[in-house]
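Trainee: Could you take me slowly through this structure, beginning with a close look at a single loop residue and then placing that residue in its wider surroundings?

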Amino acid sequence: MNKLLKLSAVSLLTIGSFGVHAGIFHADTLKDVQAKGVLTCGVSTGTPGFSSPDASGNWSGIDVDVCRAVAAATLGDAQKVKFVPLTAKERFVALSSGEIDMLSRNTTWTHTRDTSLGLTFAGVNYYDGQGFMVQKSLGVNSVKELDGASFCIQAGTTTELNLADYFRANKMEFKAVTYDTSAQTKGGFEAGRCDALTSDVSQLAGLRSTLKDPSSAVVLGDVISKEPLGPVVRKDDNTWLNIVRWSLNAMIEAEELGVTSATIDNASTSPGIQRLQGKSGKLNESLGLSKDWSRNIIAQVGNYGESFERNIGMSTPIQLPRGVNQLWIKGGILYAPAFR
Amino acid sequence: MFIKLKSLLYDNEVRAIVFQILAVAVIAYFAYQAFDNMMLNIEQRGIRSGFGFLNDEAGFAVNDNFFLEYSPASTNLQAFYVGIVNTLVVAIAGIFFASIIGLIIGVARLSSNYLIRKIATVYIETFRNIPILLQILFWYSIALNAFPSPKNSINFFDSIFLNSRGLYLPKPIMEGEFYLVLASLVIGIVAYIFIKKHSNKKHDETGVVTNTTPHFLSLVVALPIVAYFAFGAQLEYPALKGFNFRGGLDLSVEFFALGFALSVYTATYIAEAIRSGIESVDNGQKEAAASMGLTQAQSLRLVVLPQALRVAIPPIINQYLNLTKNSSLATAVGYSELVTVFSGTVLNVVGQAIEIIILTMLVYLTISLVISLILNIFNKKMQIKGK
C-alpha cells in the first residue's frame, strides 16, 4: 500500500511538473535547426516555378529559393533543406504545430492570417493577383462575361473568398467546384467540369503550360485581387522571424547593389557590398548568425533577380514578366529596408 | 477507532473503490493539464480561440446544397449545417444502394447457377480489394469524360438533363400549401399500414393472400402527388442559361461519383455478410420449406433471409458506419460534405483548428452512434425470442 501510495504521489508530481513546465517555453528555432543540421521548410505540392520537384526529387522555384537562402544563412549550406509538400489546407497547422520551421508556399499575406493564427509573415517574395483561365472555345474576353459559369478552385485559398466577393459585388452568379490540389483543379478544367479556372496569375501561367493543349486555353487580362505572397513563421520567435525576413531582404539588396552569385566574392570598396559580404559591420550578431551569412545566401542561391529569371522569368516555360516585382529603382515595388 | 480505520484499509471492497477513484483522478488531472497547456500555448501565440467564428460571415460558395438556404453572405454556422446535410445525404444514399447491391450479390454468390455465382465472386473480389479512394477517383474521371458537355446534355422530356457536371431534376417549389401535401403523405402512410395489418390478419385467419402493392402505390405514392398539384403547387424546371443549367434540383457529378463508389465498395462487404448469414441457416430449414411447397423465391424471402439477417446484421452495422466515415474522402473529388466545407474551407479561413476539428469529430461521433443505436434496436427485434 505504501509503495502504491508513493508511486501515485510520484506520478502525480511528475505530471504536475510536466504541466507547469510545458506551459513556459522558450522558442529557439535557430538553435533547433542548427542542432538538427537541416531546415524543414513547408512548400506546395507542386506549383511550377514556385515550388515543384523534378523527376529525381530536387525541388526548385522562387519559394524554394527562400528556403535555401535561410538554410545558407543558418547552416552555411543551401542544400540542407528538407522540403515538406503541403496542401493549402494543411499549411498553417503544419507550421503552428512545429512540423516545419518555416512556410514558403505562395501564401497570401492577409490581415486574418497575420493576426489570428499565431503566425507572422516575414515579407513578400512575389506580388501576385487573382486571374482567370478559360477555354478558348468559349470566346470570353472578360470576367464580366462569366455570369453563371462554373469555376474550378483550390480549397483553402484566398481565391475562394475573392471569387465570391467579386461576383457578389458585381451581382453575378457562379458555381464553385472546389478541389484539394492545384493539379486537381487543372484536371477538372481539362475535363470540362468547369468553364474557368481561377487562381493567382503566376500559377495560371504555370498551369496553362502543363495543359495537354496549352493553346486551347487563354488567361484573361482581368486581375480581381492583390495577393502578396511571402514566407511565414511562428509568432513566438522574433529572432527567427528576423532571420527569415533578412535572408529575403539580402537577396533583394544584392540585386539592388548589382551583386550576383558570380560576383559576390569580388573585392569591392563599396561599403554596402562589404556589409553584404560580411567583411564589415555587425549585421550577423543580433541574428545570432556567422559573419558570412548573407555572403552564403548570394553565393549559393543568388540575388532575387537571378532566382526570378531562373525559375519564372521569360527564359522559362512560365514566362512571367518582372512587372511590379521589379526593384523600386526600376519602377517596381520591391524594396528592401536599409541594410545597415 | 484507529483499528477500525486500519481494517478498512485491508477491506477488499474499500480498496477497490479507492484505487478506482485514484485512477480516475489521475486521468482527469492529466487531461486537465493537457487542456490547460493547450490553452496557455494558444494564448501565448496569439491564436484566436472560442466559437465566436461560427457567427462570422462565411464568404465562400459551396457546390452542393440540397435543402438549405446558403450563399457566401451566410455564416460559418450555416456552412457547417450545409456540410452536415451533405454528409447525411451521401451517407443515406450510399447505405440504401449498398444494401440493395449487397443483398443481390450476397444471394447471387450462393446461386446454383455457375455464371451468376462466378460473376458475384469476381465483383466482390475486384471491388473489395481496390482502395476506396482510388475507386472514387476512378468513377469521377469516368463520369467527367463519359457524359456530354452542358450544351449537349442528354435530355429527358425537356425536364431532366444529364451532363458531365451533374443531373438536373425539376424541383418542387415548397411554399404556400405545402404542409397539406405533407399531411396527405402522412394520411396515406397511416392508411396503408392499416390495410397491410388487415390483410396480414386475413392471411393468418384464412390463408388468402392479398396483394397490397396497388394500395401502396395509390396511397403512399399517388395521393401526395395528386395533392401536390391539387393545391396549386408547381415544379421548377432546370433550363440552360449561358454556361450552366439554372433552377431545378442539381445533383453534382461529384455527388454521383462519391455515392456510387461508396455503394459499390461497401456492397462487397455487405454481400459477404449476407452470404455468411445464409450459410449459417441450417439446410433442414430450406428442405422443410421446399417440402411445404414453397417456391425457391418464397423460401428465400420467408424462411432463409429472416434467419440469415440475424447473423448478418452486426457486421452490416459496421459497414454502414464505415461508409459514413468514408464519405469524408469526398475532399478528393470536391463534393461539399462536412470535411470539405467545414474542416477544409472554414478551417482555412478562420484558422481555429482545435475548435473546428472537435466539432467535426462530434458530428461523426453522433451520426455513428445514432446509426448503431437504430440498428441495434432492429437487431434486438430480429433476434430469436426466448420462449
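Mentor: Leaving aside residues up to four places away in sequence, A:Gly281 touches A:Arg275 and A:Arg340. The model we are reading is a predicted one, and in it A:Gly281 sits in the loop that lies between α10 (271–277) and α11 (293–300) of chain A. There are 17 other C-beta atoms within 10 Å of A:Gly281, and because a residue needs 20 or more to be buried and 12 or fewer to be exposed, A:Gly281 counts as partly exposed. If you look for A:Asn170, which is 111 residues apart from A:Gly281 along the chain, you will find that the C-alpha atoms of the two are separated by 54 Å.

A second loop residue makes a useful companion. A:Lys144 has its place in the loop between β8 (130–135) and β9 (150–154) of chain A, and with 11 C-beta neighbours inside 10 Å this lysine counts as exposed. Between the C-alpha atoms of A:Lys144 and A:Met172 the separation is 8.3 Å, although these two residues are 28 apart along the chain.

Now let us turn to the chain that holds both loops. Chain A has 12 helices and 14 strands, and its C-alpha trace spans about 80 × 70 × 40 Å along the principal axes. Of its 340 residues, 49% count as buried. When we take the contacts in chain A between residues at least 6 apart in sequence, 73% of them join residues that are at least 24 apart.

Strand β1 (residues 39–43) of chain A shows what burial looks like in a strand: four of its five residues are buried, so the strand is largely enclosed by the rest of the structure. Five bridges join β1(A) to strand β4 (residues 81–85) of chain A, and the two run parallel; within this pairing, A:Cys41 has A:Phe83 as its bridge partner in β4(A). β1(A) also pairs in the parallel sense with strand β5 (residues 102–103) of chain A, over two bridges, and there the bridge partner of A:Cys41 is A:Met102.

Next comes the place where the two chains meet. Here 41 residues of chain A are in contact with 41 residues of chain B. On the side of chain A that touches chain B, at least two residues each are supplied by α1 (2–23), α4 (91–96), α5 (111–116), α6 (158–169) and β10 (175–179) of chain A, and α1(A) gives the most, with seven residues. The residues of this side of chain A divide into 17 nonpolar, 12 polar and 12 charged.

Crossing into chain B, we can follow a run of strands. Strand β1 (residues 154–156) of chain B is joined to β2(B) by three bridges, and the two run antiparallel; B:Ile154 has B:Leu162 as its bridge partner in β2(B). These strands form a hairpin with three residues between them, and B:Phe157 in the turn has a positive phi of about 55°. Along strand β2 (residues 160–163) of chain B the side chains alternate, with B:Phe161 and B:Asn163 pointing to one face and buried, while B:Ile160 and B:Leu162 point to the other and are not buried. Three further bridges, again antiparallel, join β2(B) to strand β3 (residues 166–169) of chain B, where B:Gly166 is the bridge partner of B:Asn163. The hairpin from β2(B) to β3(B) passes through two residues.

A helix can be two-sided as well. Helix α4 (residues 114–128) of chain B has 15 residues, which at 1.5 Å a residue should span 21 Å, and its end C-alpha atoms are indeed 21 Å apart. The buried residues of α4(B) are B:Ala120, B:Ile124 and B:Phe127; they cover an arc of only 90° around the axis, which puts them on the same side of the helix. On the other side of α4(B), B:Tyr114, B:Leu115, B:Val122, B:Glu125 and B:Thr126 are exposed. The buried residues of α4(B) pack against α3 (76–108) and α8 of chain B.

That brings us to the core. The largest nonpolar core has 153 residues, among which A:Val70, A:Phe151, B:Ala257 and B:Leu258 touch the most other members. Its largest share, 16 residues, comes from helix α8 (residues 253–280) of chain B. Leaving out residues up to four places away in sequence, B:Ala257 touches B:Ile136, B:Trp139, B:Tyr140, B:Ala143 and B:Val333.

Definitions and conventions. Residues numbered from 1 in each chain as written. Chains lettered and ligands numbered in written order. Core = buried A, V, L, I, M, F, W, Y, C linked by C-beta atoms within 7 Å. Contact = placed C-beta atoms within 7 Å. Nonpolar A, V, L, I, M, F, W, Y, C, P; charged D, E, K, R; others polar. Expected span 1.5 Å × (residues − 1). Arc of directions from axis to C-beta. Pairing = 2+ DSSP bridges.
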